[in-house]
Amino acid sequence: MKRKTLRLYLLVISLALLGIATALVLNAFNRELVFFFSPSDIAAERPAAGRMIRLGGLVEVDSLSKLEDGATVSFRVTDLSSSLDVAFRGVLPDLFREGQGVVVQGAFNESGRFVATEVLAKHDENYLPPEVAKALKASGRWQEGAATMGTDGSEP
Amino acid sequence: MHRFANPGRFQRLAARLLPWLKGLTALAFLAGLYLALLASPPDYQQGETVRIMYVHVPAAWMALFAYLLLGLASASALVWRHPLADVAAAALSPVGAAFTFIALVTGALWGKPMWGTYWVWDARLTSFLLLFFLYLGHMALLGAFDDRSRGQRSAAVLALVGLINLPIIKFSVDWWNTLHQPASVARFDGPSIDPSMLWPLFTMAAAFHLYLLAAVMERMRTQLLAARLRTQRQARFETWQGEPGA
Amino acid sequence: MNSVETFLAMGGYGAYIWPAYGVALVVLAAIWIDGVWRRREIERQLRALEGQSRSARGRGGIES
């Protein structure tokens with residue numbers, strides 16, 4: 001066999017082995033690489049009070065309200081099958097709105113309430129001028145929140 | 001194929017193509033900036049910040065494309081000892097690193113107002129940061145050995161190992177839940193970007209492609225000139241050694 | 001507010017949009033200029049070396 005051909009086979013085989021090894025490692029780490037949990041995940045396995053977690057989902061429509069103190073906001077995060085109340089004191093990002101995706105970091109307090117320390121807005125992959133979005137909504141071809149979810153990560 | 005493998009032929013081709021490439025790149029950037037900043041609408045959700053997309057997304061595409069080329073060049077350097085492959089690899093990594101840096105910084109500047117944070121350690125952002133370190137590692141390894149060919153070989157191996165990061169970056173947004181949203185342009189059901197925003201994006205992407213081509217060609221020329229300088233120095237050193245009384 | 005100011009304000013996001021374009025421009029320009037400088041430096045050294053060997057050849061010294 002020519003040396004060039006031998007080198008080519010060696011390269012292809014080692015790259016294939018490397019690919020397989022990486023795929024196995026990534027598969028093993030799959031649960032660890034989860035950036036956030038969905039409300040259903042938390043309903044199934046509630047973390048201990050005080051443990052920091054990230055919760056991702058959509059802000060439930062008509063759930064946003066200000067508490068009596070005037071600085072704390074409260075809203076519900078839903079994945080359309082389960083939902084969770086969140087309290088947050090601070091500045092909400094500009095993209096934060098009801099019906100949009102959100103990732104909140106926080107923990108359950110002693111009284112069982114989820115208190116967020118950070119709220120991040122997740123945006124969808126749709127880019128439209130405002131007039132087009134309005135026209136789509138008017139014609140009823142708009143699917144609210146259809147693309148904003150992606151909370152399941154498509155693999156179990 | 002080996003017609004273009006000849007370094008002398010490449011030098012002549014590059015010298016003739018580069019002025020045209022430079023002009024085209026400048027024109028494409030002018031058109032792209034006009035479309036991106038003046039002749040495109042704001043987004044229904046993100047308002048004017050959508051304009052950051054027109055630099056962020058092409059820079060990220062080019063960062064990935066340049067790495068793919070780096071991987072190909074490294075493979076042909078290791079397997080076929082192609083005379084231009086090492087030259088191309090050395091020219092690609094600084095340009096690729098620059099694109100990666102731009103994508104990371106513009107992403108942070110976009111993330112702050114929209115997401116509420118400059119940075120998160122989600123799978124997409126972390127794997128993209130790794131791409132930046134791979135480029136830096138490649139540049140460092142090239143210069144790390146006294147024996148140039150050893151440096152080139154170890155840098156090529158690093159580039160090939162790092163290829164595995166490309167599919168991870170691409171599919172990270174589908175495999176794991178990330179803060180970063182899934183793909184908008186490369187989708188099976190067609191892009192989810194309105195044409196009025198897709199055209200500025202494609203024009204900018206064309207400008208970035210032309211820039212990559214021109215900058216890499218320029219650097220390959222320099223690499224070949226430097227190789228000529230080294231052989232001439234070597235030749236002079238040997239004749240000096242051979243001279244009587246030296 | 002005139003139209004230039006509106007344009008620069010970018011709907012209140014100017015503080016993010018302009019630095020993003022600025023960084024891209026500065027980095028691309030820097031990488032380009034660095035490449036050109038490197039080439040000129042090598043070309044200068046090559047010319048110096050080739051000039052030397054030419055004068056040396058004139059004395060009947062080096063054949064290259």
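Two strands are taken to pair if DSSP finds at least two bridges between them. In the predicted model described here, strand β3 (residues 72-78) of chain A and β4(A) run antiparallel and are joined by 7 bridges. Within this pairing, Arg76(A) has Asp85(A) of β4(A) as its bridge partner. The two strands form a hairpin, with 4 residues between β3(A) and β4(A). In the turn, Leu80(A) adopts a positive phi of about 75°.

Strand β4(A) also pairs with strand β6 (residues 114-122) of chain A, here in the parallel sense and over 3 bridges. Ala87(A) stands opposite Val115(A) of β6(A). In a regular strand the side chains alternate between the two faces of the sheet. Strand β4 of chain A, which spans residues 83-89, shows such an alternation. Leu84(A), Val86(A) and Phe88(A) are buried and point to one face. Ser83(A), Asp85(A), Ala87(A) and Arg89(A) point to the other face and are not buried. Asp85(A), the bridge partner of Arg76(A), and Ala87(A), which stands opposite Val115(A), thus belong to the set that is not buried.

At the level of the whole chain, the domain assignment divides chain A into domain 1 (1-31) and domain 2 (39-123). The centres of these domains, taken over C-alpha atoms, are separated by 43 Å.

Chain B contains 7 helices and 0 strands, and its pattern along the sequence reads α-α-α-α-α-α-α. Its C-alpha atoms fill a box of roughly 80 × 40 × 30 Å along the principal axes. Of the 246 residues of chain B, 46% count as buried. Among the contacts in chain B with a separation of 6 or more, 75% are accounted for by residues 24 or more positions apart.

Helix α6(B) illustrates the packing in this chain. The buried residues of α6(B) are Ile168(B), Ile169(B), Ser172(B) and Val173(B). Viewed down the axis of α6(B), these buried residues fall within an arc of 125°, and they therefore line one face of the helix. An α-helix has 3.6 residues a turn, so residues three or four places apart point the same way. The buried residues of α6(B) pack against α2 and α4 (123-142) of chain B.

Between chains, 2 pairs touch, and the most contacts are between chains A and B. In that interface, 36 residues of chain A are in contact with 37 residues of chain B. On the side of chain B that touches chain A, at least two residues each are supplied by α2 (53-80), α3 (85-114), α5 (148-162), α6 (165-175) and α7 (195-242). The largest share, 4 residues, comes from α2(B). By class, this side of chain B has 23 nonpolar, 10 polar and 4 charged residues. Helix α2(B) thus contributes to the side that touches chain A and is also packed against by the buried residues of α6(B).

The contact between chains B and C takes 34 residues from chain B and 26 residues from chain C. The side of chain C that touches chain B comprises 18 nonpolar, 5 polar and 3 charged residues. Chain C has 2 helices and 0 strands, and 12% of its 64 residues count as buried. Chain A and chain C do not touch, their nearest C-alpha atoms being 11 Å apart.

Key: Residues are numbered from 1 along each chain as its sequence is written. Chains are lettered from A and ligands numbered from 1 in the order in which they are written. This is a predicted model: local features need pLDDT of at least 70, side-chain atom pairs count only at pLDDT 80 or more; totals for chains, interfaces and linings use all residues. Domain bounds come from an automatic or database domain assignment. Two residues are in contact if their C-beta atoms, placed from the backbone, lie within 7 Å. Ala, Val, Leu, Ile, Met, Phe, Trp, Tyr, Cys and Pro count as nonpolar, Asp, Glu, Lys and Arg as charged, and the others, Gly among them, as polar. A residue is buried if 20 or more other C-beta atoms lie within 10 Å of its own, exposed if 12 or fewer, and partly exposed in between; C-beta atoms are placed from the backbone. The arc is that of the directions from the helix axis to the C-beta atoms.
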